[in-house]
Each structure stands twice: as C-alpha cells, then as structure tokens.
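Biologist: I should like to go through this structure with you step by step. Please explain how each reply is reached.

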Amino acid sequence: MNHTVQAVSPTAVNEQIPCVPLSSSYSTPDVLPPDLLARQNEDLAYKKAVNSLSGKMIQGILAGIFIGVGALFATVVMSGDPHSALPYGVTKMLGGICFTVGLSLVMLGGGQLFTSDCLITMPVASRRLSFGHMVRSWTVVWCSNFVGAVAFAGLIFLGGQYMQGHGVVGANALYIASAKASLPASQAFFLGILCNIMVCMAVWMANAGRTVADKIMVIVLPIAGFVAAGGEHCVANMYFIPMGLMIEYGAPDSFWMDIGQLAVDSRPHIDVVSALQNLGVVTFANIIGGGVFVGGVYWKLFRSARNRSCG
C-alpha cells in the first residue's frame, strides 16, 4: 500500500477501506474469514445508512412486511390445542424455523430492517458517519418497518385469516399479543438483547456466504434459536401486537363462539399502553444487543485502528 495514506485524515482513510478488493482476494465460494467479514459488514452498514430517504422508506416498508410474513407463518404453525399438540419446545422450534422466512426475504429481497441496521454503530465507530446520521437513519427505518408490519397485519385481518382452523389461529395470535403486552419491562429488555444478538449474528454470518443456499442455511439456526428461547424482536412485535388488537376489537361474534369465548369478560385483553411500553423497551434492547454486543465487539476486534489489518 502507498505509505502516503498516512498523511490523510482518519475519516478519509476509513473511506478507503478496501486495500485489496474482496472479489479478487477471495474468488472461491468459501466464506470470508472473520477480518474481511467484519470489513464487509461495516461497508454494508455504511451503505444502508447513506441510502436515500425514499430508498430507506420503501425498503423499510418491505422489511416490515417480510417480517410480518415470517410472524404469520410462525403463528399458524404454533396454533392448535395445547393439550394434544407437540411438546412446547418442539412447537417453539418449528415456529422459529418458520419465522426465518422473514429474515430470508429481507436479506435476499432487498429490505432494510431496523434490527440488523443496529450494525450501523460500526461505521460510526470508524468515524465514517456521525452519531446524528445514524439516529436519523434508524428513525426512518424503524417508522417504515412499523408501517409495513401494521399494513400487513391489516391485510391479514381483513382477509379473515385468523378464522382458520375454527379460530385456533386467531386465538394463538391473541395469546401472543397479550403475552407480549403484559411482559414485565425488565424481562422484555433482556429478552430484547438476546434476540438481536442472534439476529445480527445471523445477518453477520449470512453476509459471509456467496450463494442463496449459504445465506439461508446460516440464518435458520440463530433465528429459530431466538424464537424458541422467547426473544423479543421489535419489528416482529410491530406485527404481533397490532394483529392481536385488530382481532380483539374487530373480530365478529362467530370467531369468539368458535374459540369458546363469546362472553366479553372471558376474552384476552391487550393493554395498549403496556404494548407501547413493550415496543419502546424492546427497541432499546435490540439496539444494545445488535449495536453493542455484535457491532461494537466485532468493530473492536477487527476494525479499530489498533486491530485493523488493512483498510
């Protein structure tokens, strides 16, 4: 490398990260080694942060819809009579595997997801972006994810999908939403950290793959793991909680009769204030889980000035 780079400002040096092009260094289908993978993830995070406003909004809405698809799939698979179904752990595992379709669609379909965008802490730590730019990007993507997830929930509700299986799908959707809304803030916080460590690790590893199969295979286990363990994902909750609220306040009497809860006082109740609190706490926890425990740790290991091998 030309030693005149030493005279350039730190910000300019960080802008010139690829000292050797990834494509020429590693043209085989093998995964990238950890140091180059860290560099690639930082570059991808930077690219997302500087995406145009319209790009962030459209891709954010798409990501909200895609995560809603995964949440819907998981809800259906985990529905049924709890007394005659599979063991709890097996049911949660199957639901988690089904939920992976959401992140797979985001990764391969071009969505921009708030939880994986928590890795934008890396280019900020490298002084390629300002803290304010990161927060503005997060805000746009979070709001766009919310619009997409709620719109998808509305579409599913209007389609009457929750009536399937004589109402067992809707009953499970209600249970999931009420459980999340009533979750104590301290539990939601730590489960949110757990969740986004797993989500960002799934994204991190998927970016090492060169083929569609590579990416999907490494996504499955971390995502299925966080769902089975009960992790809290803010964008998934943007679908789960509104879906439950729509059913609670908009389902016809025939639905309540099917699930044996025609009497109003016997129905599950979702407290809106508690639901909003859950969303706020989980969002903050997801930032810590992904931005600090994944982005921050790997930046320190491979991208800090002391540990950076090149770029």
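Biologist: How many helices and how many strands are there in the protein chain?

Modeller: The model is a predicted one. From the N terminus on, the elements of the protein chain run α-α-α-α-α-α-α-α-α-α-α-α-α-α. The count is therefore 14 helices and zero strands.

Biologist: What percentage of the residues of the protein chain count as buried?

Modeller: A residue counts as buried when its relative accessible area is under 20%. The protein chain has 311 residues, and the share of them that meets this cut-off is 47%.

Biologist: Among contacts between residues at least 6 apart in sequence, what share joins residues at least 24 apart?

Modeller: Two residues are in contact if heavy atoms lie within 4.5 Å. Among the contacts in the protein chain between residues at least 6 apart in sequence, the share that joins residues at least 24 apart is 82%.

Biologist: Which helices do the buried residues of helix 10 pack against?

Modeller: Helix 10 covers residues 185-206, and its 22 residues reach 31 Å from the first C-alpha to the last, close to the 32 Å expected. Its buried residues include G192, N196 and W204. They pack against helix 3, helix 5, helix 6, helix 7, helix 11 and helix 14.

Biologist: Which helices are included in what covers the buried residues of helix 5?

Modeller: Helix 5 has 22 residues and reaches 32 Å, close to the 32 Å expected. Among its buried residues are K92, C98, F99 and L103. The cover over the buried residues of helix 5 includes helix 4, helix 10, helix 11 and helix 12.

Biologist: How many aromatic pairs does a search of the whole structure find, and is the pair of F152 and Y239 stacked, edge-to-face or tilted?

Modeller: The search of the whole structure finds twelve aromatic pairs. The ring centres of F152 and Y239 are 5.9 Å apart and their planes are at 40°. Planes under 30 degrees apart count as stacked and those over 60 as edge-to-face. The angle of 40° fits neither class, so the pair of F152 and Y239 is tilted.

Biologist: Which helices does this pair link, and are F152 and Y239 buried or exposed?

Modeller: The two residues are 87 residues apart, and the pair links distant parts of the chain, F152 being in helix 8 and Y239 in helix 12. The relative accessibility of F152 is 11%, so F152 counts as buried. For Y239 the value is 2%, so Y239 also counts as buried.

Biologist: Which residues form one aromatic cluster with F255?

Modeller: F255 lies in helix 13. Its relative accessibility is 0%, so F255 counts as buried. Not counting residues up to four places away in sequence, F255 touches several residues, including Y162, M163, G167 and I247. The partners of F255 in the aromatic cluster are F157, Y162 and W256.

Biologist: How far apart are the C-alpha atoms of F255 and H166, and what is the phi of H166?

Modeller: H166 is in the loop between helix 8 and helix 9, and its relative accessibility of 64% is why it counts as exposed. The C-alpha atoms of F255 and H166 are separated by 7.6 Å, although the residues are 89 residues apart along the chain. Most residues other than glycine have a negative phi. H166 is not a glycine, yet its phi is positive, about 55°.

Biologist: Where is R127 found, and what is its phi?

Modeller: R127 is found in the loop between helix 7 and helix 8. At 59% relative accessibility it lies over the 50% cut-off and therefore counts as exposed. R127 is a residue other than glycine with a positive phi, near 65°.

Biologist: Which element gives the largest share of the lining of the largest pocket?

Modeller: The largest pocket has a volume of about 970 Å³. Of the 33 residues that line it, the closest to its centre are M78, K92, N172, Y175 and I176. The elements that give two or more residues to this lining are helix 4, helix 5, helix 9, helix 11 and helix 12. The largest share, seven residues, comes from helix 9.

Note on methods: Residues are numbered from 1 along each chain as its sequence is written. This is a predicted model: local features need pLDDT of at least 70, side-chain atom pairs count only at pLDDT 80 or more; totals for chains, interfaces and linings use all residues. Side-chain values use heavy atoms; hydrogens and water are left out. Rings of Phe, Tyr and Trp (its six-membered ring) pair if their centres lie within 6.5 Å; planes under 30 degrees apart count as stacked, over 60 as edge-to-face and the rest as tilted. Helices (H or I, at least four residues) and strands (E, at least two) are DSSP runs, numbered from the N terminus. Buried means under 20% relative accessible area, exposed over 50%, partly exposed in between (1.4 Å probe, protein chains only). The expected span of a helix is 1.5 Å times one less than its number of residues. On a 1 Å grid over the protein atoms alone, a cavity is a set of points where a 1.4 Å probe fits but cannot get out, and a pocket is an open set with protein on both sides within 12 Å along at least five of seven lines; lining residues have an atom within 4 Å of a point. Grid points are joined across faces, edges and corners, and a volume is the space filled by probe spheres set on the points.
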